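Trainee: Hi, do you have a few minutes to go through a model with me? I'd like to start with the strands and then move on to the chain contact.

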Amino acid sequence: MRLTRIPLAVRALVVLALLGAIAWQGVEASADRRDDDRLQEAVAMARAQVLDITTLDSDSVGAKLKAMAARTSGDFQDQVTSIAATFIEIVREKKVVATGRIDGVGVASSSDRDVSVLVASTAVVTESGKATSTTRSYRIKVSLVRAKDSWKINGMEFVQ
Amino acid sequence: MTSHEPMIKSEPIDLDEEPFETASIEPAAPVAAPTRRGLLVMLVVALLLAVALVALVVINQRHDAEADASAAASEVVTAHVTQLLSYTPATVVSDLDTEKEWLTGGFLDEYTALVTDTVAAAAVNDKVTVKASIVAHGVQAASTVRVEMLLFINVSTTRAGSAKPETQGSRVRVVAEKVDGDWLISTLAPV
């Protein structure tokens, strides 16, 4: 059958069907991409939070805690704010200098609303009056929840 | 109005006058050309759309496949790592043949050497039983053929003579690679 014999309406329908399918697959691809980007944001936020708590000294501890509190929400934010003053006091009194690094991260679970990120980190800590520094390894689970247009941390715990 | 008058008055028809505009029906050739060109354009458009659609479908399927790979590899890795790191004096050597089938690349040789040269002798001589349990695991990166994971593992060691097991927490990076349809462990290292 010659293509010219195919009625115009049928040809138009084929083009329309293709456009429809492209729109459908396009929406799916862009949703996948958005989800991937969001997951990366969550992982980056978990890393930043762990780095802030493991890398601090007398001068920076106030700013670090402020930055950490800003990433949190709900009950966890209340917890962070309530211990902040004591924490700052201890760090300043003992002249704590901690330098942290991230050894590895992994996404334990993720959905549109929640992400759970595992962070392995190490901190080298020195205190006044102690000649040598101590190296501590941590296993931390950071829980994040989607709030409006960004992630907020609603839990951090050491994995026992 | 009288009843004899016709309802419709007919005008006399001038037969010399052309009743229709002829331009629209007469030239057959000029019409055929735009139709063919139009068809060609439509074909090209349809072809380009089809190519775009195939590309999108491939991208979406790969994304789904990566998610599937991540889940499948996680399942295999967690089950096998638990068994690789756990042993008793009685099973440390006999389990090795099965365990070797779960490994690939350099780690296959590394693990075999470690068990044969070091672990087996110590396990048997000191009657060491080790039980590993994964307390948390997450995926660091995933493609359809390679999945990188972070595992938090608690290892409890019981030696002959000591009643209480020693428990140690560790963080382990594991890489699994798809070889002939199976997820095999190619790296297992503490971080």
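Mentor: Sure, here is a short walk through the strands of chain A and then the interface. Keep in mind that this is a predicted model.

Trainee: Okay, strand β2 of chain A first. How many of its residues are buried?

Mentor: Of the 13 residues in β2(A), residues 114-126, 10 are buried, so the strand is largely enclosed by the rest of the structure.

Trainee: And which way does β1(A) run relative to β2(A), parallel or antiparallel?

Mentor: They run antiparallel, with 12 bridges joining β1(A), residues 97-110, to β2(A). If you want a spot to look at, Arg101(A) stands opposite Thr122(A) in β2(A).

Trainee: What joins β1(A) to β2(A) in the chain?

Mentor: A hairpin does, through 3 residues.

Trainee: How about β3(A), how many bridges join β2(A) to it?

Mentor: There are 12 bridges between β2(A) and β3(A), residues 134-147, and that pair is antiparallel. Along it, Val119(A) faces its opposite residue Ile140(A) in β3(A).

Trainee: Let me pick one residue: is Ser116(A) buried or exposed?

Mentor: Ser116(A) lies in strand β2 of chain A and is buried, its relative accessible area being 10%. The cut-off for buried is under 20%, so a value of 10% qualifies.

Trainee: Which residues is Ser116(A) in contact with, leaving aside neighbours within four places in sequence?

Mentor: Gly106(A), Val107(A), Ala108(A) and Ser109(A), plus Lys141(A) and Val142(A). The first four sit in the range of β1(A), residues 97-110, and the other two in that of β3(A), residues 134-147.

Trainee: Nice. Switching topic: how much area do chain B and chain A bury between them?

Mentor: About 2500 Å², with 70% of it on carbon and sulfur atoms. The contact takes 33 residues from chain A and 27 from chain B.

Trainee: How many salt bridges are there across that interface?

Mentor: The rule finds 1. Arg171(B) forms a salt bridge with Asp103(A), and the closest N and O atoms are 2.7 Å apart. Between the two chains, 14 residue pairs are in polar contact, both residues being at pLDDT 80 or more.

Trainee: Which elements of chain B give two or more residues to the side that touches chain A?

Mentor: Those are α1 (28-85), β1 (129-142), β2 (146-158) and β3 (166-179) of chain B. The largest share comes from α1(B), with 13 residues.

Trainee: And how do the residues on that side of chain B divide?

Mentor: Into 18 nonpolar, 8 polar and 1 charged.

Key. Residues are numbered from 1 along each chain as its sequence is written. Chains are lettered from A and ligands numbered from 1 in the order in which they are written. This is a predicted model: local features need pLDDT of at least 70, side-chain atom pairs count only at pLDDT 80 or more; totals for chains, interfaces and linings use all residues. Side-chain values use heavy atoms; hydrogens and water are left out. Buried means under 20% relative accessible area, exposed over 50%, partly exposed in between (1.4 Å probe, protein chains only). Two strands pair if DSSP finds at least two bridges between them. Contact means heavy atoms within 4.5 Å. Buried area is the accessible area (1.4 Å probe) that two parts lose on being put together, summed over both. A salt bridge is a side-chain nitrogen of Lys or Arg within 4 Å of a carboxyl oxygen of Asp or Glu. A polar contact is a pair of N or O atoms within 3.5 Å; within protein, one must be able to donate a hydrogen and the other to accept it, and residues adjacent in sequence count only if both atoms are side-chain atoms. Ala, Val, Leu, Ile, Met, Phe, Trp, Tyr, Cys and Pro count as nonpolar, Asp, Glu, Lys and Arg as charged, and the others, Gly among them, as polar.
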